[in-house]
Amino acid sequence: MSVDVGIQLQVQECKDQSCLDRICREHGIEGAQKELLEKSWNKKRRQTARRVGARNQEMDIDVYLAYNTHLRKSMGIKTKSSIHEAVTSTWRRLNVRSDAEKNTNYGLVVGRIQSGKTAHMLGLALKALQGDEIGDAYDTIIILAGTIDDLRKQTLERIQEVGIPADQLPCLPEGKDLTQNPTAIQAFEKHIKSRKEKSKMVLVIKKNVDVLEKLNEILNQPRLKNAGLKRRKVMVIDDECDFASMDSNNAEDDEDEINTDRITATNKAIRTLLIRLRNCRSPTYYIGYTATPYANVLMQENSSTEDSEFGESLFPVSYTHLRAHETRHD
(Lines give C-alpha, C1' and ligand atoms only; values in the text may rest on other atoms or scores of the structure.)
Protein backbone atom coordinates (compact mmCIF):
# COMPACT_ATOMS: atom_id res chain seq x y z
CA MET A 1 0.00 0.00 0.00
CA SER A 2 2.92 2.32 0.69
CA VAL A 3 4.61 4.31 -2.08
CA ASP A 4 8.36 4.68 -2.49
CA VAL A 5 9.62 7.77 -0.62
CA GLY A 6 11.44 9.04 -3.73
CA ILE A 7 8.18 9.01 -5.71
CA GLN A 8 6.37 10.77 -2.86
CA LEU A 9 8.98 13.55 -2.92
CA GLN A 10 8.60 13.92 -6.71
CA VAL A 11 4.82 14.26 -6.31
CA GLN A 12 5.15 16.88 -3.56
CA GLU A 13 7.09 19.07 -5.99
CA CYS A 14 4.23 19.01 -8.53
CA LYS A 15 2.56 22.32 -9.32
CA ASP A 16 -0.62 20.83 -10.83
CA GLN A 17 -2.65 17.65 -11.26
CA SER A 18 -1.19 16.84 -14.68
CA CYS A 19 2.29 16.55 -13.16
CA LEU A 20 1.01 14.10 -10.53
CA ASP A 21 -0.78 12.03 -13.19
CA ARG A 22 2.39 11.82 -15.31
CA ILE A 23 4.51 10.55 -12.40
CA CYS A 24 1.88 7.95 -11.52
CA ARG A 25 1.80 6.71 -15.13
CA GLU A 26 5.59 6.48 -15.31
CA HIS A 27 5.73 4.36 -12.15
CA GLY A 28 2.57 2.35 -12.76
CA ILE A 29 0.83 3.75 -9.70
CA GLU A 30 -2.97 3.62 -9.70
CA GLY A 31 -6.01 2.87 -7.55
CA ALA A 32 -5.61 3.18 -3.78
CA GLN A 33 -1.93 4.13 -4.02
CA LYS A 34 -2.71 7.03 -6.35
CA GLU A 35 -5.54 8.20 -4.09
CA LEU A 36 -3.12 8.19 -1.14
CA LEU A 37 -0.59 10.29 -3.09
CA GLU A 38 -3.30 12.76 -4.19
CA LYS A 39 -4.56 13.15 -0.62
CA SER A 40 -1.06 13.90 0.68
CA TRP A 41 -0.33 16.28 -2.23
CA ASN A 42 -3.60 18.22 -1.75
CA LYS A 43 -2.95 18.55 1.99
CA LYS A 44 0.47 20.10 1.34
CA ARG A 45 -1.03 22.47 -1.26
CA ARG A 46 -3.59 23.73 1.27
CA GLN A 47 -0.92 24.24 3.92
CA THR A 48 1.28 26.14 1.46
CA ALA A 49 -1.66 28.32 0.39
CA ARG A 50 -2.41 29.21 4.02
CA ARG A 51 1.23 30.17 4.66
CA VAL A 52 1.37 32.32 1.53
CA GLY A 53 -1.92 33.96 2.48
CA ALA A 54 -0.64 34.74 5.96
CA ARG A 55 2.58 36.24 4.56
CA ASN A 56 0.62 38.38 2.11
CA GLN A 57 -1.63 39.62 4.88
CA GLU A 58 1.38 40.70 6.92
CA MET A 59 3.05 42.48 4.01
CA ASP A 60 3.19 46.26 4.17
CA ILE A 61 2.09 47.67 0.83
CA ASP A 62 3.33 51.22 0.28
CA VAL A 63 -0.06 52.73 -0.53
CA TYR A 64 1.37 56.02 -1.73
CA LEU A 65 3.86 54.29 -4.03
CA ALA A 66 0.94 52.26 -5.39
CA TYR A 67 -0.91 55.51 -6.07
CA ASN A 68 2.05 57.02 -7.93
CA THR A 69 2.37 53.87 -10.02
CA HIS A 70 -1.33 54.09 -10.84
CA LEU A 71 -1.00 57.76 -11.83
CA ARG A 72 1.99 57.04 -14.06
CA LYS A 73 0.10 54.29 -15.89
CA SER A 74 -3.19 56.18 -16.19
CA MET A 75 -2.04 59.80 -16.65
CA GLY A 76 1.60 59.69 -17.70
CA ILE A 77 4.89 60.53 -16.04
CA LYS A 78 4.56 64.33 -16.34
CA THR A 79 1.14 64.47 -14.63
CA LYS A 80 2.22 61.96 -12.00
CA SER A 81 5.30 64.04 -11.18
CA SER A 82 3.25 67.25 -10.93
CA ILE A 83 0.71 65.72 -8.56
CA HIS A 84 3.43 64.06 -6.48
CA GLU A 85 5.28 67.36 -6.10
CA ALA A 86 2.10 69.18 -5.02
CA VAL A 87 1.06 66.43 -2.60
CA THR A 88 4.52 66.35 -1.00
CA SER A 89 4.46 70.13 -0.62
CA THR A 90 1.07 70.02 1.11
CA TRP A 91 2.17 67.10 3.30
CA ARG A 92 5.27 68.99 4.38
CA ARG A 93 3.26 72.15 5.03
CA LEU A 94 0.62 70.50 7.19
CA ASN A 95 3.27 68.77 9.31
CA VAL A 96 5.32 71.94 9.79
CA ARG A 97 2.20 73.89 10.73
CA SER A 98 0.73 71.21 13.00
CA ASP A 99 0.21 72.40 16.58
CA ALA A 100 0.51 69.50 19.02
CA GLU A 101 -1.02 71.63 21.76
CA LYS A 102 -4.34 71.89 19.92
CA ASN A 103 -7.03 69.24 19.58
CA THR A 104 -7.58 70.03 15.90
CA ASN A 105 -5.55 71.65 13.13
CA TYR A 106 -7.21 73.29 10.13
CA GLY A 107 -5.86 73.60 6.58
CA LEU A 108 -7.10 74.59 3.13
CA VAL A 109 -5.94 73.40 -0.30
CA VAL A 110 -6.92 75.63 -3.21
CA GLY A 111 -6.81 74.66 -6.85
CA ARG A 112 -8.36 75.90 -10.06
CA ILE A 113 -11.36 74.09 -11.51
CA GLN A 114 -10.23 70.95 -13.38
CA SER A 115 -6.70 71.41 -12.04
CA GLY A 116 -6.45 67.93 -10.52
CA LYS A 117 -7.78 68.68 -7.03
CA THR A 118 -9.34 65.23 -6.67
CA ALA A 119 -6.11 63.50 -7.71
CA HIS A 120 -4.25 65.68 -5.21
CA MET A 121 -6.82 64.97 -2.49
CA LEU A 122 -6.58 61.20 -2.91
CA GLY A 123 -2.81 61.44 -3.10
CA LEU A 124 -2.69 63.37 0.17
CA ALA A 125 -5.00 60.80 1.81
CA LEU A 126 -2.71 57.92 0.80
CA LYS A 127 0.42 59.90 1.64
CA ALA A 128 -1.00 60.48 5.11
CA LEU A 129 -1.80 56.78 5.52
CA GLN A 130 1.75 55.85 4.48
CA GLY A 131 3.67 58.50 6.41
CA ASP A 132 7.39 59.15 5.95
CA GLU A 133 10.32 60.98 7.47
CA ILE A 134 8.36 64.26 7.26
CA GLY A 135 5.42 63.10 9.36
CA ASP A 136 4.00 60.05 11.11
CA ALA A 137 1.32 58.01 9.36
CA TYR A 138 -2.39 58.43 9.98
CA ASP A 139 -4.50 55.30 10.27
CA THR A 140 -7.96 56.68 9.48
CA ILE A 141 -9.03 59.02 6.69
CA ILE A 142 -12.60 60.38 6.62
CA ILE A 143 -13.52 61.99 3.30
CA LEU A 144 -16.62 64.19 3.08
CA ALA A 145 -17.27 63.65 -0.62
CA GLY A 146 -20.02 65.92 -1.87
CA THR A 147 -23.71 66.03 -1.05
CA ILE A 148 -25.04 63.36 -3.43
CA ASP A 149 -24.33 59.63 -3.40
CA ASP A 150 -22.98 59.51 -6.97
CA LEU A 151 -20.11 61.81 -5.98
CA ARG A 152 -19.38 59.69 -2.92
CA LYS A 153 -19.29 56.52 -5.03
CA GLN A 154 -17.05 58.15 -7.65
CA THR A 155 -14.53 59.11 -4.97
CA LEU A 156 -14.62 55.59 -3.51
CA GLU A 157 -14.14 54.03 -6.95
CA ARG A 158 -11.14 56.25 -7.70
CA ILE A 159 -9.40 55.00 -4.58
CA GLN A 160 -10.24 51.39 -5.41
CA GLU A 161 -8.88 51.85 -8.96
CA VAL A 162 -5.40 52.20 -7.44
CA GLY A 163 -5.51 48.44 -6.87
CA ILE A 164 -4.63 48.26 -3.16
CA PRO A 165 -6.03 44.98 -1.74
CA ALA A 166 -9.17 45.55 0.32
CA ASP A 167 -7.80 43.50 3.21
CA GLN A 168 -4.86 45.94 3.48
CA LEU A 169 -6.84 49.15 2.99
CA PRO A 170 -10.61 48.82 3.42
CA CYS A 171 -12.53 51.65 1.72
CA LEU A 172 -16.09 52.06 3.02
CA PRO A 173 -18.97 52.12 2.65
CA GLU A 174 -19.61 50.16 -0.52
CA GLY A 175 -23.20 50.17 -1.71
CA LYS A 176 -25.42 52.33 0.49
CA ASP A 177 -24.07 55.11 2.66
CA LEU A 178 -23.47 54.86 6.39
CA THR A 179 -27.05 55.47 7.57
CA GLN A 180 -28.32 52.40 5.69
CA ASN A 181 -25.28 50.14 5.81
CA PRO A 182 -24.93 48.12 9.03
CA THR A 183 -22.08 46.09 7.49
CA ALA A 184 -20.02 49.25 6.95
CA ILE A 185 -20.86 50.50 10.44
CA GLN A 186 -19.70 47.23 11.97
CA ALA A 187 -16.45 47.29 9.96
CA PHE A 188 -15.77 50.91 10.96
CA GLU A 189 -16.42 50.19 14.64
CA LYS A 190 -14.13 47.14 14.46
CA HIS A 191 -11.39 49.29 12.92
CA ILE A 192 -11.67 51.97 15.59
CA LYS A 193 -11.55 49.35 18.37
CA SER A 194 -8.71 47.37 16.75
CA ARG A 195 -5.48 47.08 18.73
CA LYS A 196 -3.50 46.41 15.56
CA GLU A 197 -1.13 49.30 14.96
CA LYS A 198 -1.16 48.72 11.20
CA SER A 199 -4.97 48.76 10.91
CA LYS A 200 -5.93 51.40 8.32
CA MET A 201 -9.20 52.53 6.76
CA VAL A 202 -10.69 55.13 4.43
CA LEU A 203 -14.28 56.17 5.13
CA VAL A 204 -15.98 58.06 2.27
CA ILE A 205 -19.34 59.57 3.20
CA LYS A 206 -21.81 62.12 1.86
CA LYS A 207 -21.65 65.60 3.30
CA ASN A 208 -25.16 65.13 4.59
CA VAL A 209 -26.51 66.04 8.03
CA ASP A 210 -28.09 62.61 8.62
CA VAL A 211 -24.91 60.77 7.64
CA LEU A 212 -22.68 63.05 9.70
CA GLU A 213 -24.94 62.71 12.72
CA LYS A 214 -24.85 58.92 12.33
CA LEU A 215 -21.05 59.01 12.30
CA ASN A 216 -21.07 61.26 15.37
CA GLU A 217 -23.42 58.83 17.10
CA ILE A 218 -21.07 55.93 16.34
CA LEU A 219 -18.01 57.78 17.62
CA ASN A 220 -19.84 58.83 20.79
CA GLN A 221 -20.29 55.24 21.95
CA PRO A 222 -18.39 54.78 25.23
CA ARG A 223 -16.44 51.74 24.02
CA LEU A 224 -15.15 53.75 21.06
CA LYS A 225 -14.51 57.20 22.50
CA ASN A 226 -13.03 55.95 25.78
CA ALA A 227 -10.66 53.39 24.31
CA GLY A 228 -10.72 52.92 20.55
CA LEU A 229 -10.13 56.52 19.49
CA LYS A 230 -7.20 56.84 21.85
CA ARG A 231 -5.29 54.51 19.50
CA ARG A 232 -6.33 56.24 16.27
CA LYS A 233 -4.84 59.11 14.29
CA VAL A 234 -7.46 60.68 12.03
CA MET A 235 -7.53 63.11 9.11
CA VAL A 236 -10.80 64.63 7.87
CA ILE A 237 -10.79 65.78 4.23
CA ASP A 238 -13.67 68.02 3.16
CA ASP A 239 -14.11 68.04 -0.61
CA GLU A 240 -15.67 71.26 -2.03
CA CYS A 241 -15.52 72.69 1.47
CA ASP A 242 -17.01 76.02 0.35
CA PHE A 243 -20.28 74.18 -0.35
CA ALA A 244 -22.57 73.06 2.51
CA SER A 245 -19.75 73.00 5.09
CA MET A 246 -19.80 76.74 5.70
CA ASP A 247 -22.21 78.40 8.11
CA SER A 248 -24.32 80.06 5.42
CA ASN A 249 -26.32 81.91 8.09
CA ASN A 250 -23.16 83.78 9.08
CA ALA A 251 -24.11 83.27 12.69
CA GLU A 252 -20.58 84.06 13.86
CA ASP A 253 -20.03 87.19 11.82
CA ASP A 254 -21.66 89.50 14.37
CA GLU A 255 -19.74 91.12 17.17
CA ASP A 256 -22.50 90.16 19.58
CA GLU A 257 -22.59 86.85 21.47
CA ILE A 258 -22.92 83.91 19.08
CA ASN A 259 -26.39 82.47 18.71
CA THR A 260 -25.57 78.80 18.14
CA ASP A 261 -29.15 78.09 17.07
CA ARG A 262 -28.47 80.08 13.90
CA ILE A 263 -25.45 78.02 12.85
CA THR A 264 -26.39 75.80 9.90
CA ALA A 265 -26.91 72.08 10.55
CA THR A 266 -24.11 70.74 8.32
CA ASN A 267 -21.58 73.15 9.80
CA LYS A 268 -22.62 72.05 13.30
CA ALA A 269 -22.35 68.37 12.35
CA ILE A 270 -18.83 68.72 10.93
CA ARG A 271 -17.62 70.68 13.93
CA THR A 272 -19.23 68.14 16.28
CA LEU A 273 -17.34 65.41 14.40
CA LEU A 274 -14.08 67.24 15.10
CA ILE A 275 -15.04 67.48 18.78
CA ARG A 276 -15.68 63.71 18.86
CA LEU A 277 -12.22 63.15 17.38
CA ARG A 278 -10.52 65.07 20.18
CA ASN A 279 -10.15 61.73 21.95
CA CYS A 280 -7.66 60.56 19.29
CA ARG A 281 -4.05 59.91 20.25
CA SER A 282 -2.84 62.99 18.36
CA PRO A 283 -4.47 66.14 16.96
CA THR A 284 -6.94 65.57 14.13
CA TYR A 285 -6.33 67.46 10.90
CA TYR A 286 -9.31 68.98 9.08
CA ILE A 287 -8.36 69.85 5.50
CA GLY A 288 -10.72 71.56 3.08
CA TYR A 289 -10.42 71.41 -0.73
CA THR A 290 -11.91 74.13 -2.89
CA ALA A 291 -11.61 76.11 -6.12
CA THR A 292 -13.40 79.11 -4.56
CA PRO A 293 -11.71 79.84 -1.23
CA TYR A 294 -13.42 83.15 -0.49
CA ALA A 295 -16.08 81.69 1.83
CA ASN A 296 -13.40 79.92 3.85
CA VAL A 297 -10.77 82.61 4.23
CA LEU A 298 -13.26 85.45 4.79
CA MET A 299 -15.08 83.81 7.69
CA GLN A 300 -14.34 85.12 11.16
CA GLU A 301 -11.04 83.63 12.26
CA ASN A 302 -11.45 84.14 16.00
CA SER A 303 -15.22 83.95 16.37
CA SER A 304 -15.03 80.70 18.37
CA THR A 305 -12.58 78.85 20.55
CA GLU A 306 -11.96 75.20 21.37
CA ASP A 307 -14.16 75.71 24.44
CA SER A 308 -17.13 76.97 22.41
CA GLU A 309 -20.17 74.69 22.14
CA PHE A 310 -19.21 73.58 18.61
CA GLY A 311 -15.48 74.22 18.90
CA GLU A 312 -13.59 76.49 16.54
CA SER A 313 -14.91 77.61 13.17
CA LEU A 314 -13.53 75.89 10.06
CA PHE A 315 -11.23 78.81 9.24
CA PRO A 316 -7.92 77.40 7.87
CA VAL A 317 -5.85 78.74 10.73
CA SER A 318 -2.97 76.26 10.27
CA TYR A 319 -2.17 76.77 6.60
CA THR A 320 -3.48 77.55 3.13
CA HIS A 321 -1.81 75.87 0.16
CA LEU A 322 -2.44 77.16 -3.34
CA ARG A 323 -1.90 74.07 -5.44
CA ALA A 324 -1.11 76.01 -8.61
CA HIS A 325 1.17 78.60 -7.02
CA GLU A 326 3.22 79.02 -3.89
CA THR A 327 1.74 81.23 -1.17
CA ARG A 328 3.16 83.24 1.67
CA HIS A 329 0.28 82.44 3.99
CA ASP A 330 2.50 80.01 5.86
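Student: Which residues of helix 4 meet helix 5, and which ones do they meet there?
Tutor: In this predicted model, Y64, N68, L71, R72 and M75 are the helix 4 residues in question, and on the helix 5 side they meet I77, T79, K80, I83, H84, V87 and T88. By character, the residues of this contact divide into six nonpolar, four polar and two charged.

Student: And at what angle do the axes of those two helices cross?
Tutor: The axes of helix 4, residues 63-75, and helix 5, residues 77-96, cross at roughly 145 degrees and come within 7 Å, and the crossing of helix 4 past helix 5 is right-handed.

Student: OK, switching to strands. Is strand 5 enclosed or open, and why?
Tutor: Strand 5, which covers residues 234-238, is largely enclosed by the rest of the structure, because five of its five residues are buried. In a regular strand the side chains alternate between the two faces of the sheet. Here V234, V236 and D238 point one way while M235 and I237 point the other way, and all of them are buried.

Student: Which way does strand 2 run relative to strand 5, parallel or antiparallel?
Tutor: Strand 2, residues 140-144, runs parallel to strand 5, and five bridges join the two; in that pairing, L144 has D238 as its bridge partner. Strand 5 also pairs with strand 6, residues 284-290, again in the parallel sense and over four bridges, with M235 standing opposite Y285.

Student: Then what about the largest nonpolar core, which residues touch the most other members?
Tutor: That core has 34 residues, and the ones touching the most other members are L126, I141, I143, V202 and M235. At least two residues each come from helix 4, helix 5, helix 6, strand 2, helix 7, strand 4, strand 5 and strand 6, and helix 6 supplies the largest share, with eight residues.

Student: What is I143 in contact with, beyond its neighbours in sequence?
Tutor: Leaving aside neighbours within four places in sequence, I143 is in contact with M121, L122, T155, I159, V202, L203, V204, I205 and I237. There is also a second, separate core of 31 residues, which includes A184, I185, C241 and Y286.

Student: New topic: where is W41, and is it buried or exposed?
Tutor: W41 is found in helix 3, residues 32-58, and it is buried, because its relative accessible area of 1% falls under the 20% cut-off. Apart from neighbours within four places in sequence, W41 is in contact with V11, Q12, C14, K15, D16, Q17 and L20. Although W41 and Q12 are 29 residues apart along the chain, their C-alpha atoms are separated by 5.7 Å.

Student: And S194, which loop is that in, and what does it touch?
Tutor: S194 is found in the loop between helix 8, residues 182-193, and strand 4. With neighbours within four places in sequence left aside, S194 is in contact with S199, R231 and R232. S194 counts as buried because its relative accessible area, 15%, is under 20%.

Student: Last one, how many helices and strands are there in the chain, and what share of residues is buried?
Tutor: The secondary structure comes to twelve helices and seven strands, and buried residues make up 46% of the 330 residues in the chain. Among contacts with a separation of 6 or more, residues 24 or more positions apart account for 75%.

Technical notes: Residues numbered from 1 in each chain as written. Predicted model: local features only at pLDDT ≥ 70, side-chain atom pairs only at ≥ 80, totals over all residues. Heavy atoms only, no water. Buried < 20%, exposed > 50% of the residue type's maximum accessible area, 1.4 Å probe, protein only. Pairing = 2+ DSSP bridges. Axes fitted to C-alpha atoms, helices over the stretch in contact; angles between N-to-C directions. Left-handed = near helix turned anticlockwise from the far one by under 90°. Contact = heavy atoms within 4.5 Å. Nonpolar A, V, L, I, M, F, W, Y, C, P; charged D, E, K, R; others polar. Core = buried A, V, L, I, M, F, W, Y, C linked by side-chain atoms within 4.5 Å.
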